Amino acid sequence: MGKYLPAHDLGTSGNKATLFSTEGQLIASCTYNYDVYYSNNNWAEQNPNDWWQAVIATTKTLIKNINPKDILAISFSGQMMGCVCVMKICVLLII
């Protein structure tokens, strides 16, 4: 049974995703493109939810023929000059 390493490159035009074996063999690759929004002549924006959907879609494609339990780690790289502000909200429910 082999082990696998998926990698995601969230670039300016789309998510380029690959799946490698631990021996370095390319098992699968795919790309999911997303939009760039130009709201001002000097601004270019993207929706982080588009990035997340791209990761979900490409991951499903990459691992469709393998057992997800055989994934050892996942690698991510991001576009230069990209900033995503993340806010985590935790809600505690006492029953």
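1. Let us start with the helix. Helix H1, covering residues 48-62, lies across strands E1, E2, E3 and E6, and runs at about 150° to E3. Please keep in mind as you read that this is a predicted model.

2. Now the overall plan. The protein chain holds one helix and six strands. If you follow the sequence from its start, the elements come in the pattern β-β-β-β-β-α-β. Try tracing this pattern in the structure above before you go on to the sheet.

3. Which strands form the open sheet, and in what order? Four strands do, in the order E3-E2-E1-E6, with mixed pairing. Strand E3 (26-33) and strand E6 (75-78) stand at the edges, and each has a single partner strand, so one side of each is left without a neighbour in the sheet. On average, neighbouring strands of this sheet are turned by 15° against each other, direction ignored. As background, the strands of a sheet pair through backbone hydrogen bonds, and the pairing may be parallel or antiparallel.

4. Strand E1 is a good place to see both kinds of pairing. With strand E2 (residues 14-21), strand E1 (residues 4-10) pairs in the antiparallel sense, over seven bridges. The two are joined by a hairpin through three residues, and you can find Asp9 standing opposite Lys16 in E2. With E6, by contrast, E1 runs parallel, and four bridges join them. Here Ala7 stands opposite Ser75 in E6.

5. Strand E1 also has two faces to compare. Tyr4, Pro6, His8 and Leu10 make up its covered face, while Leu5, Ala7 and Asp9 make up the uncovered one. Leu5, in strand E1, counts as partly exposed, at 32% relative accessibility. Together with Phe20, Leu26 and Leu72, Leu5 forms a nonpolar patch on the surface, and the four have about 340 Å² of accessible area together.

6. There is another hairpin to look for. Strand E4 (residues 37-40) and strand E5 (residues 43-45) run antiparallel and are joined by two bridges. They form a hairpin with two residues between them. In this pairing, Asn40 stands opposite Trp43 in E5.

7. Let us return to the helix and pick out one residue. Is Leu62 buried or exposed? Leu62, found in helix H1, has a relative accessibility of 4%; that is under 20%, so Leu62 counts as buried. Leaving aside neighbours within four places in sequence, Leu62 is in contact with Pro6, Ala17, Thr18, Leu19, Ala28, Ser29 and Cys30. One of these deserves a second look: Leu19 is 43 residues away from Leu62 along the chain, yet their C-alpha atoms are separated by 6.2 Å. Another, Pro6, belongs to the covered face of E1.

8. How many salt bridges does a search of the whole structure find? The search finds one. Asp70 forms a salt bridge with Lys3, and their closest N and O atoms are 3.5 Å apart. The pair links distant parts of the chain, because Asp70 is in the loop between H1 and E6 while Lys3 is in the segment before E1, 67 residues apart. The partners also differ in how they are covered: Asp70 is buried, with a relative accessible area of 6%, whereas Lys3 counts as partly exposed at 31% relative accessibility.

9. Lys3 turns up again in the surroundings of Ser21. Ser21 lies in strand E2 and is buried, with a relative accessible area of 6%. Not counting residues up to four places away in sequence, Ser21 touches Lys3, Tyr4 and Ile27. Tyr4, in turn, is part of the covered face of E1.

10. Finally, some figures for the chain as a whole. Of the 95 residues in the protein chain, 22% count as buried. Among contacts between residues at least 6 apart in sequence, 46% join residues at least 24 apart. The accessible surface of the protein chain comes to about 7,400 Å², and 57% of this belongs to carbon and sulfur atoms.

How values were computed
Residues are numbered from 1 along each chain as its sequence is written. This is a predicted model: local features need pLDDT of at least 70, side-chain atom pairs count only at pLDDT 80 or more; totals for chains, interfaces and linings use all residues. Side-chain values use heavy atoms; hydrogens and water are left out. Two strands pair if DSSP finds at least two bridges between them. Axes are lines fitted to C-alpha atoms, for helices over the stretch in contact, and angles run from 0 to 180 degrees between N-to-C directions. Contact means heavy atoms within 4.5 Å. A salt bridge is a side-chain nitrogen of Lys or Arg within 4 Å of a carboxyl oxygen of Asp or Glu. Buried means under 20% relative accessible area, exposed over 50%, partly exposed in between (1.4 Å probe, protein chains only). Patches are made of residues with over 30% relative accessible area and no salt bridge: like charges are joined within 9 Å, nonpolar side chains (Val, Leu, Ile, Met, Phe, Trp, Tyr) within 5 Å. Accessible areas come from the Shrake-Rupley method with a 1.4 Å probe; for residues, only the protein chains shown count as cover.
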